[in-house]
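This report goes through one chain, beginning with a single residue and widening to the elements and cores around it. Please keep the sequence and the model in view while reading.

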Amino acid sequence: MRKIILLIILVLFLGSSIFISIAKAEDEWQTITDYGITLSLPAEWVKLEEKMGFSEKEAAWYKGNIENPDQFIILARGPEVPSFLEMFIETETEDSELVEDTQIDLGGIEARMVTMKNNEREANIWFIAASEVFEDGEGVFLNITSQTQKYEEFTPILQKIMDSIVFEKNS
């Protein structure tokens with residue numbers, strides 16, 4: 001009987017330790033809503049206060065040094081999403097190789113995702129565009145770059161960001 005009680009205590013202890021670890025990992029992310037788009041980002045990412053000039057409805061976050069961030073994401077909402085994507089692909093193809101050009105599900109909407117690798121800058125770059133996401137006909141464009149983490153190391157972070165995206169339909 002004593003062994004059973006000790007076993008139960010051990011199982012409860014291990015179970016609570018796992019739960020605390022999972023809860024702590026969830027606390028390391030922040031949830032953000034901008035321009036009718038909700039997403040989660042790692043807690044250490046900081047919002048860039050100035051606009052990048054893509055759209056009146058844009059926001060950007062980064063990790064690391066603002067002059068040369070380790071990772072960053074630019075989120076832009078507007079009617080010209082396909083042109084954002086083509087402009088960035090043209091700009092980046094000079095020094096980068098195309099890794100993948102595919103269709104994905106982004107918050108329940110079909111989107112195009114272009115993955116590129118820039119060996120000179122040691123950067124992995126993802127461009128994601130979804131047209132006509134909102135009732136006003138506007139779409140969403142994302143530019144995500146990881147400069148210090150290898151593709152395989154950043155992919156789970158990127159996937160968690162992508163899985164967290166939700167669009168407010170009445171925005």
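## Serine 40 and its surroundings

In this predicted model, serine 40 has a relative accessible area of 14% and is therefore buried, since the cut-off for that class is under 20%. Serine 40 belongs to strand β2, which covers residues 37-42, and its side chain makes a polar contact of 3.4 Å with the side chain of threonine 31.

When neighbours within four places in sequence are set aside, the contacts of serine 40 are Trp29, Gln30, Thr31, Ile161 and Ser164. Two of these names return in the description of helix α3, where Ile161 and Ser164 are listed among the buried residues.

## The hairpin and the open sheet

Strand β1, residues 29-34, pairs with β2 in the antiparallel sense, and 6 bridges join them; within this pairing, tryptophan 29 has proline 42 of β2 as its bridge partner. The two strands make a hairpin with 2 residues between them, and in the turn tyrosine 35 has a positive phi of about 55 degrees.

The hairpin is part of an open sheet of 3 strands, ordered β1-β2-β10 and antiparallel in its pairing. Because β1 and β10 (166-167) each have a single partner strand, they stand at the edges, and one side of each is left without a neighbour in the sheet. Helix α3 packs on this sheet and touches β1, β2 and β10, its direction making about 155 degrees with that of β2.

## Helix α3 and the nonpolar cores

Helix α3 runs over residues 151-164, and its 14 residues reach 20 Å from the first C-alpha to the last, close to the 20 Å expected at 1.5 Å a residue. Its buried residues are Phe154, Leu158, Ile161, Met162 and Ser164. As a general point, an α-helix has 3.6 residues a turn, so residues three or four places apart point the same way.

The largest nonpolar core of the chain contains 29 residues, and those with the most contacts inside it are Ile73, Ile128, Leu142, Ile144 and Phe167. The largest share of this core comes from α3, which supplies 4 residues. Apart from it lies another core, of 19 residues, which includes Phe54, Ile74, Val81 and Phe88.

Leucine 142, one of the residues with the most contacts inside the largest core, is in contact with Ile73, Ile74, Leu75, Leu106, Trp126, Phe127, Ile128 and Ile165, once neighbours within four places in sequence are left out.

## Tyrosine 62 in strand β4

Tyrosine 62 lies in strand β4, residues 57-65, and counts as buried because its relative accessibility is 14%, with the cut-off at under 20%. Although tyrosine 62 and tryptophan 45 are 17 residues apart in sequence, their C-alpha atoms are 5.1 Å apart in space.

Beyond its neighbours within four places in sequence, tyrosine 62 is in contact with Glu44, Trp45, Val46, Lys47 and Leu48, and also with Pro69, Gln71 and Phe72.

## The chain as a whole

The chain has 3 helices and 10 strands, and from the N terminus on its elements follow the order α-β-β-β-β-β-α-β-β-β-β-α-β. Of its 171 residues, 42% count as buried. Among the contacts in the chain with a separation of 6 or more, 47% are between residues 24 or more positions apart.

Methods:
Residues are numbered from 1 along each chain as its sequence is written. This is a predicted model: local features need pLDDT of at least 70, side-chain atom pairs count only at pLDDT 80 or more; totals for chains, interfaces and linings use all residues. Side-chain values use heavy atoms; hydrogens and water are left out. Buried means under 20% relative accessible area, exposed over 50%, partly exposed in between (1.4 Å probe, protein chains only). A polar contact is a pair of N or O atoms within 3.5 Å; within protein, one must be able to donate a hydrogen and the other to accept it, and residues adjacent in sequence count only if both atoms are side-chain atoms. Contact means heavy atoms within 4.5 Å. The expected span of a helix is 1.5 Å times one less than its number of residues. A nonpolar core is a set of buried Ala, Val, Leu, Ile, Met, Phe, Trp, Tyr and Cys residues joined through side-chain atoms within 4.5 Å. Two strands pair if DSSP finds at least two bridges between them. Axes are lines fitted to C-alpha atoms, for helices over the stretch in contact, and angles run from 0 to 180 degrees between N-to-C directions.
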